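Dear colleague,

Please find the structure below, as agreed. I should be grateful if you would look it over alongside the notes that follow it.

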Amino acid sequence: MTKVTSEQCAHFQQVLIRLMSILSALCLSELQALEEHEKRGELSFRFEVLEFEDLDQESLEFIRTSSQKVEAVYQMVQQVVIDGHRTGTIGVEPPLLTRTFQELGGA
């Protein structure tokens, strides 16, 4: 296993937390949009996201331009986790990692 610096670990954690925050906000927004559409046909509330502006510009642009934002961010989360496993930031066995993806997919 590769040695991971505390900076690499902190970066992984911060990116994952921000992506999960964006994912949660997008899911809630879609649910609210469905609910609001039934009432008035418009969305009237917004959800806060943890420091999304600290993500790299390429990722932010990808999210902004995606027609399927929830799915796009979910795929980004999966990629960050896979990269973390590959680099040794996440030190779990593949069956546990698979279970993590199963749990995320069922949420």
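The remainder of this message describes the salt bridges. Please bear in mind that the model is predicted.

With a cut-off of 4 Å between a side-chain nitrogen of Lys or Arg and a carboxyl oxygen of Asp or Glu, the count is four salt bridges.

One of them pairs Arg18 with Asp54, with 3.1 Å from N to O. This contact links distant parts of the chain: Arg18 belongs to helix H1 (6–39), while Asp54 sits 36 residues away in the loop between helix H1 and helix H2 (57–65). Arg18 has a relative accessible area of 9%; buried means under 20%, so Arg18 is classed as buried.

Within helix H3 (residues 69–87), Asp83 and Arg86 are three residues apart, about one turn of the helix. Their salt bridge has its closest N and O atoms 3.5 Å apart. Arg86 is exposed, at 60% relative accessible area, whereas Asp83 is partly exposed, at 28%.

In helix H4 (residues 94–106), a salt bridge joins Arg99 to Glu103, and the closest N and O atoms are 2.9 Å apart. The two residues are separated by about one helical turn because they lie four residues apart in the helix. Glu103 is partly exposed, with a relative accessible area of 46%, and Arg99 is also partly exposed, at 46%.

Finally, Arg18, Glu51 and Asp54 form one network, joined by salt bridges that share partners.

Yours sincerely

Key: Residues are numbered from 1 along each chain as its sequence is written. This is a predicted model: local features need pLDDT of at least 70, side-chain atom pairs count only at pLDDT 80 or more; totals for chains, interfaces and linings use all residues. Side-chain values use heavy atoms; hydrogens and water are left out. Buried means under 20% relative accessible area, exposed over 50%, partly exposed in between (1.4 Å probe, protein chains only).
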